[in-house]
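Please work through the exercises below with the structure open beside you, and try each task before reading its solution.

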Amino acid sequence: MRITVVGTGYVGLITSICLCEMGHAVTNIDIDDKRIAQLKNGRSVIYEPGLQQLLENNLKERRLFFTIDPRIAYAQTDLIFIAVGTPENPDGTANLEYLQEAVYAIASHIEKDVIICTKSTVPVGTNEKIAEMIKDMTPTHLNVSIVSNPEFLREGSAINDFFLGDRIVIGTEDEKAAAVLQELYAPLNTEIMVTDTRSAEMIKYASNAFLATKISFINEIAAICEKVGADISQVADGIGKDKRIGSSFLKAGIGYGGSCFPKDTKALVQLAGHVDHPFELLEAVIGVNNRQHTLAVAKAKEAAGELAGKRIALLGLAFKPNTDDIREAPSLTILKMLIEENADVIAYDPAAVLNIQSIFGNEIQYTENINEALKDADLAIIATEWDQIIQFPLVQYEELMKTPLIIDGRNCYSLSDIERHSITYISVGRSPYA
Ligand code: NAD
């Protein structure tokens, strides 16, 4: 089976390379010629653990091909996965411009029967619109099947998630297309659910909205813990042991970010509003998360007073560890606020410095070395729980900083470890230690 993947972003590139690992030949197309040139040269365009090696292997095995030419990608292929971005519009709805362009290019170039599978996260009803668009544009003798196949991978563990996901959702009314995809995914040994198209589209939004709700819920509990003298780590542990609740996504902190939760929650609020159902719960979840993004700077001001001229080490820039992705990362809000306060910021991240630099330029300083970030700093703010930060010896904060004051937005350290040091430590949902 000839497979084409549209988009070389986090979802597209991972899908292409993992399908190659399963033994398939895959053509990965993008409209960005620089990305394609870099990938053809064997250099990954995203940071994802393990990805670079798999890219090199599959290029060498001649299973993986990159192109910007839609004729090469679409004319003779059997199966197309669309994985282009669906960012948010200013009003919170999903921007389907890239998707429409991709569908237009596909419809203009296919020459044989094909299955088109949408991995991009799209509002309910979008795959029906894709089907209409294809029908209007392609010769009647061509049989084109449309499938919704939402993606659940998590950046930072994306390869593992591809091979060991919790479920695969195939949403289609076309039994033959469903059978082809079931066969394709069968070697993964992951539970496959076949649903109708609209339900598949909704499963993706509902999953992300539920996870975001868990995070904002625990962050609200953390805020109350701080006021009543309870410890959020113990509370989360206690509630997470209840199997009906589960322990994942109960880590209090400065809020979720990334390319999915923020935009998908807003898109679902919009979707609900368009069918006259104000999604008040999800609106509150989003509001709580926006507040969390400002929490670290509020705590820094409370602890250190005026921030103007203070040297501040911002540790962690990516929206989560093991990725270079900074889309909607709390660090963006933190940096904007610190710059407004006229603080002197040095930002550390092991993977995302270049991405942050492309936004903030020389307004701040950058480093890929924690020691350098902490040297002579008045305070440190932890925004991402990278292993490099969790394992960084606390004694170094004492030795390197001008005043060892840590605002830990990710609860990286246990209070019992902190107590052995002369550090002022302010975390989330736990008593401050001074
Ligand atoms: P991304 O922005 O990293 O990559 C999108 C790529 O598509 C870009 O390289 C872009 O140049 C390319 N592109 C745009 N229009 C194109 C076209 N017409 N033809 C070919 N290529 C085109 O996006 P992403 O993070 O991979 O997300 C893709 C989709 O998957 C989104 O809908 C997202 O919501 C969803 N998703 C993302 C994740 C994630 O963790 N990133 C997880 C699950 C689902």
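**Exercise 1: two residues with positive phi**

Asn-342 of this predicted model lies in the loop that runs between helix H13 (330-340) and strand E10 (344-348). Determine whether Asn-342 is buried or exposed.

Solution. Begin with the backbone, where the phi of Asn-342 is near 65°, a positive value in a residue other than glycine. Most residues other than glycine have a negative phi. Next take the neighbours: Asn-342 has 12 C-beta neighbours inside 10 Å and therefore counts as exposed, since the cut-off for exposed is 12 or fewer.

Now treat Asn-411, which sits in the loop between strand E13 (405-408) and helix H18 (415-418), and whose phi is near 45°, again positive in a residue other than glycine. Because Asn-411 has 21 C-beta neighbours inside 10 Å, it counts as buried, the cut-off being 20 or more.

**Exercise 2: helix H11**

Check whether the span of helix H11 (residues 261-274) agrees or disagrees with its number of residues, and find which helices its buried residues pack against.

Solution. At 1.5 Å a residue, the 14 residues of H11 should span 20 Å, and the end C-alpha atoms are 20 Å apart, which agrees. The buried residues of H11, among them Phe-261, Leu-268 and Leu-271, pack against helix H9 (197-228) and helix H12 (280-304). Just after H11, Asp-276 takes a positive phi of about 60°.

**Exercise 3: the ligand shell**

Which helix gives the most to the shell around the ligand?

Solution. The ligand is surrounded by 28 residues, the closest being Gly-7, Gly-9, Val-11, Gly-85 and Ser-120. Helix H1 (10-21) and helix H5 (97-109) each supply at least two shell residues, and H5 gives the most, with four.

Definitions and conventions:
Residues numbered from 1 in each chain as written. Predicted model: local features only at pLDDT ≥ 70, side-chain atom pairs only at ≥ 80, totals over all residues. Expected span 1.5 Å × (residues − 1). Contact = placed C-beta atoms within 7 Å. Near = placed C-beta within 6 Å.
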